[in-house]
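Please look over the chain and its fold before reading on. The paragraphs that follow move through a few helices, a few single residues and the contacts that tie them together.

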Amino acid sequence: MQRPPFPPVLDSTLLSHFRACPRQSLLESFQHWKPKTHSVHLHAGAAYARGLEVAREAFYGQGLDEATAIEHGLKALIEAYGDFECPPDSAKSLERMCGAFEFYFSEYPMAHDAAKPARLPGGKLGIEFSFVEPLGLEHPETGDPLLYSGRFDMIVDYAGQQCGEDDKTASQLGASWAKQWDLRSQFTAYTWGARQLGIRLDGFIVRGVSILKTKYDTQQAITYRPTWQVDRWHEQTLRDVRRMIECWDTGLWDYNLDESCNSYGGCSFRKICL
């Protein structure tokens, strides 16, 4: 049987899609099928994140004044957004994303923000923190350690704690938005990755900005990750990856055929399964 190459590095997106539907992860991450149209949510979110990164580096790292740092970040956002054509029914146009960027710093001005980038071992500021660490399993083809990678916006000092910080864009905010992060595997994985490097995170600050056609709003949630929860994530992830290796080995990739086919506007591979 001819098998697709098994990825040497796994991340939270690949694991999340495999847990939702193994068939989706086969098409997306192993056989590399791509939709013909690029998601406006992913494109606009990436441009927004790039703008935040550049502004923070300019202010905290280079010592520029806040207005100049925001100007640099705005320029980076515009360049990252490029000539992408936003669908008419979406609020995430270039103009609205620039407005969301300026709104963010009006709500969380860097000069007075209680969450400031931490100074990490080696002297690097904790802006755009990334890691690649052995997961504890062997790669099924090479026998090398199978790796897990992650990247999040910041590690910050906040109210006497050291926390991760991640920025999200959303269509709407509310009580359900804040609650969704408490068991989110993404942030548990990030806590595990930092721990592998000797960095202890007490929790995560998640900042959301909702982008509508007529207004913006923001909400901040704090979610904690005690040691037992991180250990449970790691044990569960090892079981999930072993199941992924079994799917790859046998060629039998299960279909979900349930809610994941229609969630978040519908799976991009829905027509293929039909």
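In which helix is glutamine 229 found? In this predicted model, glutamine 229 is found in helix α8, and with a relative accessibility of 9% it counts as buried, because the cut-off for that class is under 20%. Once the neighbours within four places in sequence are set aside, the residues in contact with glutamine 229 are Asp182, Leu183, Thr188 and Tyr224. With aspartate 182 there is also a polar approach, since a polar atom of the side chain of glutamine 229 lies 3.3 Å from the backbone oxygen of aspartate 182.

Glutamine 229 also belongs to the place where α8 meets α7, and that pair of helices is worth following as a whole. Two packed helices are described by the angle between their axes and the distance between the axes. For α7 and α8 the angle is about 100 degrees and the axes are 9 Å apart, which makes α7 roughly perpendicular to α8. On the α7 side the contact is formed by Ser185, Thr188, Ala189, Thr191, Trp192 and Arg195, and these residues meet Thr227, Gln229, Val230, Asp231, Trp233 and His234 of α8. Sorted by class, the residues of this contact comprise 4 nonpolar, 6 polar and 2 charged ones.

Both α7 (185-196) and α8 (227-250) return when one turns to helix α1, as they are among the elements that cover its buried residues, together with β1 (9-10), α2 (22-30) and β4 (145-158). Which residues of α1 are buried? In this helix, which spans residues 12-20, they are Ser12, Leu14, Leu15 and Phe18. Viewed down the axis of α1, these buried residues fall within an arc of 165 degrees, and therefore they line one face of the helix. At the start of α1, a side-chain oxygen of aspartate 11 comes to within 3.2 Å of the backbone nitrogen of threonine 13.

The packing of α1 against α2 can be described in the terms already used for α7 and α8. The axes of α1 and α2 come within 5 Å and cross at roughly 140 degrees, so the two helices are oblique to each other. In this contact Leu14, His17, Phe18 and Ala20 of α1 meet Pro22, Gln24, Ser25, Glu28 and Ser29 of α2, and by class the residues divide into 4 nonpolar, 4 polar and 1 charged. Leu14 and Phe18, which take part here, are also among the buried residues of α1.

On the other side of that contact, serine 25 has its place in helix α2 and is buried, with a relative accessible area of 0%. Beyond its neighbours within four places in sequence, serine 25 is in contact with Leu14, His17 and Phe18, and also with Phe30 and Trp253.

Another buried helical residue is alanine 76, which is found in α4 (residues 66-81) and has a relative accessibility of 10%. If residues up to four places away in sequence are not counted, alanine 76 touches Arg50, Gly51 and Val54. From alanine 76 to aspartate 202 there are 126 residues in sequence and, from C-alpha to C-alpha, 31 Å in space.

The backbone offers two further points of interest. Most residues other than glycine have a negative phi, and most peptide bonds are trans. Glutamate 128, although not a glycine, has a positive phi of about 50 degrees; this residue lies in strand β3 (residues 127-138) and counts as buried at 13% relative accessibility. Alanine 159 likewise has a positive phi, near 50 degrees, but its place is the loop between β4 and β5 (161-170), and at 66% relative accessibility it counts as exposed.

How many residues along the chain separate alanine 114 from alanine 159? The two are 45 residues apart along the chain, and their C-alpha atoms are separated by 7.3 Å. Alanine 114 sits in the loop between α5 (94-107) and β2 (116-117) and counts as exposed, with a relative accessibility of 51%. Not counting residues up to four places away in sequence, alanine 114 touches Asp157 and Tyr158.

Notes
Residues numbered from 1 in each chain as written. Predicted model: local features only at pLDDT ≥ 70, side-chain atom pairs only at ≥ 80, totals over all residues. Heavy atoms only, no water. Buried < 20%, exposed > 50% of the residue type's maximum accessible area, 1.4 Å probe, protein only. Helix = DSSP H or I, 4+ residues; strand = E, 2+ residues; numbered from the N terminus. Arc of directions from axis to C-beta. Contact = heavy atoms within 4.5 Å. Polar contact = N/O pair within 3.5 Å; in protein donor to acceptor, adjacent residues only side chain to side chain. Axes fitted to C-alpha atoms, helices over the stretch in contact; angles between N-to-C directions. Parallel < 35°, antiparallel > 145°, perpendicular 65-115°, else oblique. Nonpolar A, V, L, I, M, F, W, Y, C, P; charged D, E, K, R; others polar.
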